[in-house]
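Me: I've got a structure open and would like to talk it through. Can you take my questions one by one?

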Amino acid sequence: MRPHLYRMGMREHAAQRLGQAIARERSTIERQWLDQVQRDVVTTPGVALTQLRNGMPHYLDALVKVLATGQNALDRSARSAWQDVASEHGITRVRIGFDIGQLVHEFIVLRHVIRGVIKDELGGPDSEVEGMLADVIEAAVSAAVQAYVDARDHELRRTQAENIGFLTHELRNPLSTAVLAATQLRRHAAPMQGPVLDSLDRGLGKLADLIDSVLLTQNLEAGKVRVRPVPIALGEIIEPSLEASRRVAEQKQLSFRVSFDGRLHVELDPLLTRSAIQNLVDNAVKFTDVGGVELGVEDLGERFRLHLRDSCAGISPQELRTIFEPFERGHSGKAGTGLGLAIARRAVEAQGGSIHAESSGTHGCHFWIDLPKRAKERDD
């Protein structure tokens with residue numbers, strides 16, 4: 001037998017042995033684990049048992065089923081088993097007082113308890129079964145920590161977005177007062193004051209656009225934008241999104257090529273989708289000084305992919321990692337708020353899609369949007 005096949009067979013056998021031992025001693029494992037963590041909690045003021053106590057029977061059942069299969073990708077299967085149980089019991093849900101350290105400790109105790117209860121099955125500290133036990137528990141710990149971090153970060157972004165959204169909303173009142181005052185001044189202004197008032201109007205207009213962009217970004221971030229999908233031809237979404245960019249491209253003497261089937265029918269939120277495409281195309285035209293921009297659409301069955309390629313100066317790997325975050329701006333030095341791509345990303349994700357970017361770093365960029373043809377209505 002080849003060495004790698006022999007190794008696979010050993011792992012499969014070890015997994016099955018471990019699963020059988022856990023199934024046979026499950027009640028003892030549960031009882032000893034609970035006794036141990038309760039003793040630990042008593043000696044640690046301010047720490048309480050997590051919901052793992054309620055989820056333990058289900059977790060051990062799931063673990064036994066995973067081990068019985070003897071799969072090669074056992075760590076992924078064990079991770080998935082924990083994620084299913086955690087989702088059912090809300091174990092990694094963010095809330096006041098949740099202690100991720102306590103959860104990790106409870107998993108460590110579980111490993112020690114299982115090792116003690118089935119020690120006759122382990123066959124020594126370097127055995128295949130011992131290694132298998134370490135792998136499955138570490139997979140659960142990794143999944144639990146990652147889920148907690150993701151949920152915590154999401155909660156932080158949502159709270160931050162709500163605060164910024166409130167502040168931006170409040171800025172609209174003094175802006176409205178300033179616009180009204182500028183209108184009244186123009187009625188009584190002398191002709192020579194026209195250029196000054198024109199400058200004032202442009203400044204107030206830019207401020208209004210900035211406030212609207214920040215408010216939309218933060219509402220999308222906080223999940224406060226309702227998705228309203230309607231049946232519509234793709235051409236009715238894309239063509240209006242390109243009007244401003246076409247004019248700018250013509251002024252900059254850039255080529256502007258568009259190729260797609262406008263008759264392709266979708267069911268999306270027209271406003272959100274237009275906003276995403278317009279911000280993406282506007283960004284491409286803005287940062288391209290020589291060459292041109294090309295847009296195309298690929299039909300993928302239940303989804304479609306919009307490709308946008310340009311001949312800009314490129315985006316570095318470091319910038320690619322943050323380019324879709326609010327207020328992140330590149331090294332080009334061109335004026336801008338850093339909100340366009342953030343709005344595009346959130347408008348796409350709100351409809352169940354995704355947005356991506358790649359670049360050689362020195363020349364050209366490729367952005368693409370994946371969207372379902374039928375987005376579900378959502379009211380957060």
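Me: Before the details, where does Thr 288 lie?

Reply: A quick note on ground rules: this is a predicted model, where local features need pLDDT of at least 70, side-chain atom pairs count only at pLDDT 80 or more, and totals for chains, interfaces and linings use all residues. Residues are numbered from 1 along each chain as its sequence is written, and side-chain values use heavy atoms, leaving out hydrogens and water. Helices (H or I, at least four residues) and strands (E, at least two) are DSSP runs, numbered from the N terminus. With that settled, Thr 288 sits in the loop between α10 and β4.

Me: Is Thr 288 buried or exposed?

Reply: Buried means under 20% relative accessible area, exposed over 50%, and partly exposed in between (1.4 Å probe, protein chains only). Contact means heavy atoms within 4.5 Å, and beyond its neighbours within four places in sequence Thr 288 is in contact with Lys 252, Leu 254, Val 293, Asp 310, Ser 311 and Cys 312. Its side chain also reaches the backbone oxygen of Ala 284 at 2.7 Å. Thr 288 has 0% relative accessibility, so it counts as buried.

Me: And Gln 253, buried or exposed?

Reply: Gln 253 is in the loop between α9 and β2. It has a positive phi of about 60° although it is not a glycine. At 73% relative accessibility, Gln 253 counts as exposed.

Me: Which helix supplies the largest share of the largest nonpolar core?

Reply: A nonpolar core is a set of buried Ala, Val, Leu, Ile, Met, Phe, Trp, Tyr and Cys residues joined through side-chain atoms within 4.5 Å. The largest one has 41 residues, and Ile 238, Ile 277, Val 281, Leu 295, Leu 308 and Phe 367 have the most contacts inside it. α9, β3, α10, β4, β5, α12 and β7 each supply at least two residues. The largest share, 7 residues, comes from α10.

Me: In what order do the 5 strands of the open sheet come?

Reply: Two strands pair if DSSP finds at least two bridges between them. β4 and β5 run antiparallel, joined by 7 bridges, and β6 and β7 are antiparallel over 6 bridges. The pairing in the sheet is mixed, and β2 and β6 are the edge strands, each pairing on one side only. The order is β2-β4-β5-β7-β6.

Me: Which residue in the turn of the β6 and β7 hairpin has a positive phi?

Reply: In this antiparallel pair, Glu 358 has His 366 in β7 as its bridge partner. The hairpin has 5 residues between its strands. The turn residue with a positive phi, about 95°, is Gly 361.

Me: At what angle do the axes of α10 and α12 cross?

Reply: Axes are lines fitted to C-alpha atoms, for helices over the stretch in contact, and angles run from 0 to 180 degrees between N-to-C directions. Leu 272, Ser 275, Ala 276, Asn 279, Leu 280 and Asn 283 in α10 meet Gly 340, Leu 341, Ile 343, Ala 344, Ala 347 and Val 348 in α12. The two axes come within 8 Å, and they cross at roughly 145°.

Me: How many of the 10 residues of α12 are buried?

Reply: The buried residues of α12 are Leu 341, Ala 342, Ile 343, Ala 344, Arg 346, Ala 347 and Val 348. α12 is largely enclosed by the rest of the structure, because the buried count among its 10 residues is 7.

Note on methods:
Polar contact = N/O pair within 3.5 Å; in protein donor to acceptor, adjacent residues only side chain to side chain.
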